[in-house]
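The following exercises are to be worked through with the sequence and the model in view. Each task is followed by a solution that proceeds step by step.

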Amino acid sequence: IVQHLSETTLPDLHMQAVKSFVQFSKIEEVTPSYHRRYDFFVSKFSSMCFDSSENIEVQKRMRLSGLQGLQGVIRKTVGDDLLVNIWEPAHIGKICPSLIFNMHEDADWTDRDTSSVERIQATVLDESTPSGLAETCLQNLLAKASFGHIKSVLDPILKHLDNNSLWVPNAFAIHLFQIVMFSIQGQYCYLVVQALIEKLNVQDE
């Protein structure tokens with residue numbers, strides 16, 4: 001039913017479908033359904049995150065709904081690799097750009113303070129805005145990443161920054177990687193530094 005609602009062209013039905021999915025994602029199942037697939041929902045919710053409706057209020061609501069849907073997918077799947085490997089490029093390659101796009105698009109990065117990572121911990125995010133909810137989702141996703149998943153997340157992040165020329169000015173890129181370093185498990189931070197050094201070496205060549 002949720003999938004059928006999501007396939008309509010009416011924004012209100014899309015948003016109702018997301019609400020239903022989010023409620024479903026909060027249900028703790030005694031026996032997980034390993035045959036259930038989330039490909040459609042990852043694609044649908046990700047596309048909602050890029051909504052470009054002319055009505056700004058509808059656009060904001062659609063993007064928030066898409067982010068809430070992705071949050072539900074992460075909640076439902078990320079803790080059990082047997083359910084669906086959310087870290088596969090086909091999935092994470094849609095989820096990460098959706099989150100980063102809303103973090104950047106919905107916030108003013110002019111004169112943003114990026115002097116310390118501690119301020120991230122002290123910041124209370126406004127999850128009623130796409131940027132606030134997207135940042136919360138990214139932090140939650142990164143916090144669940146194991147050693148083998150770090151590269152899976154970093155690859156689409158670096159690619160999105162490249163494709164959208166978000167390295168300069170550098171305030172957003174710095175903020176993004178501060179979130180990454182703050183959110184992942186401490187013993188994996190060197191992987192982030194390693195990935196950035198490798199990228200710089202490639203750029204120099």
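A residue counts as buried when its relative accessible area is under 20%, as exposed when that area is over 50%, and as partly exposed in between. The model used in these exercises is a predicted one.

**Exercise 1. The overall fold**

Task: State how many helices and strands the protein chain has, and what share of its residues is buried.

Solution.
Step 1. The secondary structure of the protein chain consists of 10 helices and zero strands. Written in sequence order, the pattern is α-α-α-α-α-α-α-α-α-α.
Step 2. The protein chain has 205 residues, of which 47% count as buried.
Step 3. Among contacts with a separation of 6 or more, 71% join residues 24 or more positions apart.

**Exercise 2. The loop between helix 8 and helix 9**

Task: Decide whether Leu166 is buried or exposed, and do likewise for Ser165.

Solution.
Step 1. Leu166 is located in the loop that runs between helix 8 (150-163) and helix 9. Ser165 belongs to the loop between helix 8 and helix 9 as well.
Step 2. The relative accessibility of Leu166 is 10%, so Leu166 counts as buried. The relative accessible area of Ser165 is 55%, and Ser165 is therefore exposed.
Step 3. Apart from neighbours within four places in sequence, Leu166 is in contact with His104, His160, Leu161, Phe172 and Ala173. His104 is 62 residues from Leu166 along the chain, and the two C-alpha atoms are separated by 9.0 Å.
Step 4. The backbone of this loop can be examined next. Ser165 has a positive phi of about 50 degrees, although Ser165 is not a glycine. Pro169 also has its place in the loop between helix 8 and helix 9, and the peptide bond from Val168 to Pro169 is cis, with omega near -5 degrees.

**Exercise 3. Helix 9 and helix 7**

Task: Determine how many residues of helix 9 are buried, and how many of helix 7.

Solution.
Step 1. Helix 9 comprises residues 171-183, and its 13 residues reach 18 Å from the first C-alpha to the last, close to the expected 18 Å. Helix 7 has 14 residues and a reach of 20 Å, close to the 20 Å expected.
Step 2. In helix 9, 10 of the 13 residues are buried, and the helix is mostly covered. Among the buried residues are Phe172 and Ala173, both of which are in contact with Leu166.
Step 3. In helix 7, 12 of the 14 residues are buried, and this helix is also mostly covered. The buried residues include Pro130, Ser131 and Ala134.

**Exercise 4. Two helix pairs**

Task: Find why helix 5 and helix 7 are described as oblique, and why helix 3 and helix 4 are described as roughly antiparallel.

Solution.
Step 1. Helix 5 packs against helix 7 (residues 130-143) at an angle of about 140 degrees, and their axes are 7 Å apart. Helix 3 (residues 39-48) and helix 4 (residues 56-77) cross at roughly 150 degrees, and their axes come within 7 Å.
Step 2. Angles over 145 degrees count as roughly antiparallel, whereas an angle outside the roughly parallel, roughly perpendicular and roughly antiparallel ranges counts as oblique. Helix 5 and helix 7 are therefore oblique to each other. Helix 3 and helix 4 are therefore roughly antiparallel.
Step 3. The crossing of helix 5 and helix 7 is left-handed. Residues that make this contact include Leu99 and Asn102 of helix 5, and Pro130 and Ala134 of helix 7.
Step 4. Helix 3 likewise passes helix 4 in a left-handed crossing. Among the residues that meet are Phe41 and Phe45 in helix 3, and Gly66 and Gly69 in helix 4.

**Exercise 5. Asn102 and Ser98**

Task: Identify which backbone atom lies 2.9 Å from a polar atom of the side chain of Asn102.

Solution.
Step 1. Asn102 lies in helix 5 (residues 89-105), and Ser98 lies in helix 5 too.
Step 2. Asn102 has a relative accessible area of 0% and is therefore buried. Ser98, at 0% relative accessibility, counts as buried as well.
Step 3. The atom sought is the backbone oxygen of Ser98.
Step 4. Not counting residues up to four places away in sequence, Asn102 touches Cys49, Arg63, Leu67, Pro130, Ser131 and Ala134. With neighbours within four places set aside, Ser98 is in contact with Ser46, Cys49, Phe50, Leu67 and Leu70. Cys49 and Leu67 appear in both sets of contacts.

Conventions: Residues numbered from 1 in each chain as written. Predicted model: local features only at pLDDT ≥ 70, side-chain atom pairs only at ≥ 80, totals over all residues. Heavy atoms only, no water. Helix = DSSP H or I, 4+ residues; strand = E, 2+ residues; numbered from the N terminus. Expected span 1.5 Å × (residues − 1). Buried < 20%, exposed > 50% of the residue type's maximum accessible area, 1.4 Å probe, protein only. Polar contact = N/O pair within 3.5 Å; in protein donor to acceptor, adjacent residues only side chain to side chain. Contact = heavy atoms within 4.5 Å. Axes fitted to C-alpha atoms, helices over the stretch in contact; angles between N-to-C directions. Parallel < 35°, antiparallel > 145°, perpendicular 65-115°, else oblique. Left-handed = near helix turned anticlockwise from the far one by under 90°.
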